[in-house]
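Please work through the following exercises with the sequence and the coordinates at hand. Each task is followed by a solution in steps.

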Amino acid sequence: MTSSLPSRASAVIIGGGVIGASVAYHLAKQGWQDVVLLERKQFSCGTTWHAAGLVGTMRANETHARLCEYSMSLLPELEKETGQSTGFRQVGSLSIAHSQDRFEELKRVAAMNNAFGVTQVDIISPQEAKERYPYLSTEDLLGASWVAQDGTASPIDTTMAFMKGARLRGAKCIEGINVTGIQTKAGKVTGVETDQGDIQADFVVNCGGLWGRKIGQMAGVKVPLHACEHYYAVTEKLPGLPETLPVLRDHDKCAYYREDAGSIMVGAFEQKAIPWGQNGIPEDFCFDELEGHMEEQLMPILEDAMQRVPMLQEAGWRTFFCGPESFTPDDQFHVGEAPELKNFYVACGLNSVGIQTSGGLGLALAEWMEHGQATMDLWGNDIRRMFPVQNTQHYLQDRVSETLGLLYARHYPFRQYESARNVRHSPIHERLESLNACFGETAGWERPNWFAPEGIEPVYKYSFGKQNWFEYSADEHRAARENVVLFDQSGFSKYQVEGRDACACLQRISSANIDVPPGKIVYTHWLNENGGIEADLTVTRISPTQFWVVSGTATTHKDLHWLQQHIPDEAHCFVSDITNSWAVFGVMGPHSRKLLSEVLKLDLSSEAFPFGSWQDVEVGAAIGRAFRVSFVGELGWELYIPVDQARHAFDYLWQFGESFGLKPAGLHALDSCRMEKKFVHYGHDVANEDTPLEAGLGFVCDMNKAGGFIGHEAIAAQKESKSWMKKRLVQFLLQDPEAMLYHHEPILQNGKLVGHLTSGNYGHTLGGSVGLGYIYSEDIIDKKAIDASQFEIDVAGKRIPAKASLSAMYDPKAEKMRG
């Protein structure tokens with residue numbers, strides 16, 4: 001062992017790029033004295049060194065905006081603290097639009113970011129854009145967005161500033177140490193093996209960038225990311241070029257521009273990227289460039305750039321660069337504790353936003369490690385959102401060829417991935433395909449989003465308005481409200497929890513009382529110690545010692561990890577993931593009872609089969625279970641059928657359904673129905689920063705059950721202080737039936753910004769777009785205050801009057817689904 005390599009550390013960080021350096025800095029800043037960062041070759045030698053160094057704050061959600069805002073504010077502080085320059089300059093940034101759809105997107109993004117309260121985004125005219133960027137050709141422009149506080153930084157200098165700050169607080173940052181293995185014991189990380197000796201550690205952090213997936217494999221942890229070729233070109237020095245020239249983005253032409261030491265750098269996010277490193281990354285890789293495919297990938301973008309910035313036609317070019325950068329299956333970076341291995345954390349796969357996110361991500365991960373849970377809503381980036389199929393070589397190299405380009409594509413609502421499809425199928429996939437289903441993809445599952453009429457191709461045509469499938473989904477929605485439909489919900493997550501201590505464990509984890517007789521279904525939350533919602537699901541008692549838990553499609557590994565974390569080691573309680581064992585058919589609508597009475601040959605009256613209960617059933621020759629629950633707000637049952645019998649059950653049910661007008665319905669209709677009913681969706685309307693009281697779901701908290709539940713004290717404190725009445729989830733209905741809501745639109749109360757939407761869809765029964773969103777106030781928010789106020793929703797810069805309600809506008813007493 002070398003003299004510089006310690007034998008023990010509280011945390012070992014693998015990877016000496018900007019993210020690893022930031023994590024080391026923030027852990028040390030929190031008082032972790034013996035942090036060790038290991039870099040295989042030289043600091044910044046993987047991806048960081050050739051990053052463009054763009055530092056922006058206009059992001060697609062509030063969490064990311066806050067991460068970037070913190071990163072930006074930290075850079076000048078870091079310089080003062082360490083004496084190491086970060087190269088940060090606040091020059092502003094322009095994003096231009098020369099298509100109506102792009103301009104609509106810019107206006108929507110500007111409105112949502114202004115609602116976040118992190119940065120000010122202005123929509124400006126082509127002339128104003130030219131005043132800020134004199135070299136810009138504006139003849140075809142419709143407008144632009146302008147963020148004055150954005151800027152640029154030096155990636156290597158920023159990394160070294162983090163390193164210096166970490167070292168000043170006692171961390172060791174060591175180059176030339178190659179990690180060769182991860183040590184574990186009893187499901188917990190215990191240290192790392194290196195080519196120069198072992199280090200025992202309480203925590204290990206994978207900040208390996210390009211090598212992140214390989215490092216994960218050493219630990220038995222899935223970290224789905226893959227490198228792609230990434231391009232930019234740099235001109236010769238341009239006399240008179242101001243160093244204050246703003247960053248320019250032309251998304252529709254896949255290009256960004258920045259001043260770079262007297263030159264202009266033009267970077268590319270081409271629509272179809274080329275994966276790199278399929279056979280592994282060379283062992284000696286260090287500050288390497290790739291030969292790339294300049295003619296096919298970079299040159300078309302440079303040709304467009306010369307039209308957008310005509311001065312480039314006369315410029316000499318000194319660099320045509322290609323280097324590898326890692327991308328993930330959904331264009332979102334990975335962060336958090338791996339579900340496979342306790343105390344093994346991940347922060348990698350930055351998808352070209354590493355520099356601008358570095359400070360915030362380092363802080364967020366350090367706080368997560370310190371407190372044992374995320375201190376902000378990071379579910380969209382949580383490593384637990386990923387599924388095993390997404391970590392396969394085949395899936396990754398196919399998907400990342402698309403995700404690189406999607407960064408600059410138009411971010412249409414409901415946009416679906418085109419790559420890495422048809423991996424996970426419901427057992428009735430082909431049946432639905434024959435019914436003209438248009439499928440979307442979630443967690444690898446192909447799920448029917450809508451059904452096209454006969455003779456119409458089931459393909460999306462995207463826009464920010466009413467898309468081509470709008471009326472088809474409206475018909476499905478109306479059928480659910482007025483007749484009977486079938487939803488394929490087979491992708492829902494399902495877990496079996498059993499053992500003599502199963503009830504006691506679930507009772508402690510669940511906010512509601514789940515110690516009910518067998519045959520009962522309980523809607524509940526799993527809360528953290530702060531009362532924040534970690535899961536939104538149902539618990540069904542199958543027998544005295546066996547329960548089923550049913551949750552959302554995307555939350556499987558998060559839920560399972562939460563369960564395992566909170567089941568005591570000595571408990572006789574065992575958890576199985578049974579998602580792939582059972583198909584689920586949601587038969588919903590006012591005529592569902594008549595149809596299913598004939599199919600199941602059972603008395604389905606409320607007296608014989610009450611809401612919130614289940615029974616064993618026969619669907620033809622298939623043996624399954626019927627759960628009387630509803631996510632659409634109508635009378636209905638979910639039929640759980642073993643996968644080997646699912647096609648038979650579907651055919652048998654469909655045969656009976658023809659005489660009742662049974663209609664297949666997709667998940668867009670399911671969502672529009674739940675929006676009208678003010679049913680929440682995890683990750684949008686509720687997450688770890690929201691409590692059941694704030695979400696209007698306080699009834700899921702049984703404050704009197706013996707032993708309480710995780711988060712009980714926090715909920716009790718909220719009840720006592722009534723602080724939850726100053727943040728409340730409200731339902732909104734736009735008074736303009738043509739305007740469309742999606743998410744994050746600003747909410748105005750009496751002309752004052754009070755929050756933003758968390759989700760939105762069209763309410764075909766209510767007759768307009770419906771949104772859910774939290775409003776904040778220094779005063780008590782109750783029905784009286786809501787009714788006395790005038791509300792508007794900002795849709796792409798246009799304020800549209802909206803009706804507001806704390807209770808569901810559709811069937812507020814839930815009489816239809818309980819009837």
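The exercises below concern a predicted model.

**Exercise 1. A helix and its surroundings**

Task: Determine how many residues of helix H12 (residues 502–509) are buried, and identify what covers them.

Solution.
- Step 1. Apply the cut-off: a residue is buried when its relative accessible area is under 20%.
- Step 2. List the residues of H12 that meet this criterion: Ala502, Cys503, Cys505, Leu506, Gln507 and Ile509.
- Step 3. Compare with the length of the helix: 6 of the 8 residues are buried, so H12 is largely enclosed by the rest of the structure.
- Step 4. Identify the cover. It includes the strands S23 (493–498), S24 (521–527), S25 (533–543) and S26 (546–551), together with helix H13 (556–566).

**Exercise 2. A glutamine in one of the covering strands**

Task: Classify Gln546 as buried or exposed, and describe its contacts.

Solution.
- Step 1. Locate the residue: Gln546 belongs to strand S26.
- Step 2. Classify it: its relative accessibility is 16%, so Gln546 counts as buried.
- Step 3. Set aside the neighbours within four places in sequence; Gln546 is then in contact with Gln496, Val497, Glu498, Thr540 and Arg541.
- Step 4. Look for a polar contact between side chains: the side chain of Gln546 makes one with that of Glu498, at 3.2 Å.

**Exercise 3. Cysteines without a bond**

Task: State how many disulfides the structure contains, and explain why Cys286 and Cys503 are not bonded to their closest cysteines.

Solution.
- Step 1. Search the whole structure: 0 disulfides are found.
- Step 2. Recall the cut-off, which requires two cysteine sulfur atoms within 2.5 Å.
- Step 3. Examine Cys286. The closest cysteine sulfur is that of Cys45, and because the distance is 3.9 Å, it is too far for a bond. Cys286 is buried, with a relative accessible area of 18%.
- Step 4. Examine Cys503. The closest cysteine sulfur lies in Cys505 at 9.3 Å, which is again too far for a bond. Cys503 is buried, with a relative accessible area of 12%.

**Exercise 4. Strand pairing**

Task: Establish which strands pair with S38 (residues 798–805) and in what sense; then describe how S1 and S2 pair.

Solution.
- Step 1. Begin with S33 (residues 727–734), which pairs with S38 in the antiparallel sense over 4 bridges. Within this pairing, Leu733 has Lys803 of S38 as its bridge partner.
- Step 2. Turn to S37 (residues 791–795), which is joined to S38 by 5 bridges, also antiparallel. Here Glu792 is bridged to Pro801 of S38.
- Step 3. Inspect the turn: S37 and S38 form a hairpin with 2 residues between them, and Ala796 in this turn has a positive phi of about 55°.
- Step 4. Move to strand S1 (residues 8–14), which runs parallel to S2 and is joined to it by 4 bridges. Ala11 stands opposite Val35 in S2.
- Step 5. Consider the two faces. In a regular strand the side chains alternate between the two faces of the sheet. In S2 (residues 35–38), Val35 and Leu37 on one side and Val36 and Leu38 on the other are all buried, and both faces are covered.

**Exercise 5. Positive phi in loops**

Task: Find where Ala186 and Ala261 lie, and decide how accessible each one is.

Solution.
- Step 1. Note the background: most residues other than glycine have a negative phi.
- Step 2. Take Ala186, whose phi is positive, near 55°. Ala186 lies in the loop between strands S9 (179–185) and S10 (188–194), and is exposed, with a relative accessible area of 84%.
- Step 3. Take Ala261, which has a positive phi of about 55°. Ala261 lies in the loop between strands S14 (255–260) and S15 (263–268), and counts as partly exposed at 49% relative accessibility.

**Exercise 6. Aromatic rings**

Task: Describe the geometry of the pair Tyr652 and Phe656, and identify which charged residues lie over Tyr810 and Tyr774.

Solution.
- Step 1. Count the aromatic pairs: the structure holds 35. One of them is formed by Tyr652 and Phe656, with 4.9 Å between centres and 55° between planes, a tilted arrangement.
- Step 2. Place this pair: both residues lie in helix H15 (residues 646–657), 4 residues apart, about one turn of the helix.
- Step 3. Examine the charges. Arg481 lies over the face of Tyr810, at 3.9 Å from the ring centre, and the charged end of Lys727 sits over the ring of Tyr774, 4.8 Å from its centre.

Note on methods
Residues numbered from 1 in each chain as written. Predicted model: local features only at pLDDT ≥ 70, side-chain atom pairs only at ≥ 80, totals over all residues. Heavy atoms only, no water. Pairing = 2+ DSSP bridges. Buried < 20%, exposed > 50% of the residue type's maximum accessible area, 1.4 Å probe, protein only. Contact = heavy atoms within 4.5 Å. Phe/Tyr/Trp six-rings, centres within 6.5 Å; stacked < 30°, edge-to-face > 60°. Lys NZ or Arg CZ within 6 Å of the ring centre and 35° of its normal. Polar contact = N/O pair within 3.5 Å; in protein donor to acceptor, adjacent residues only side chain to side chain.
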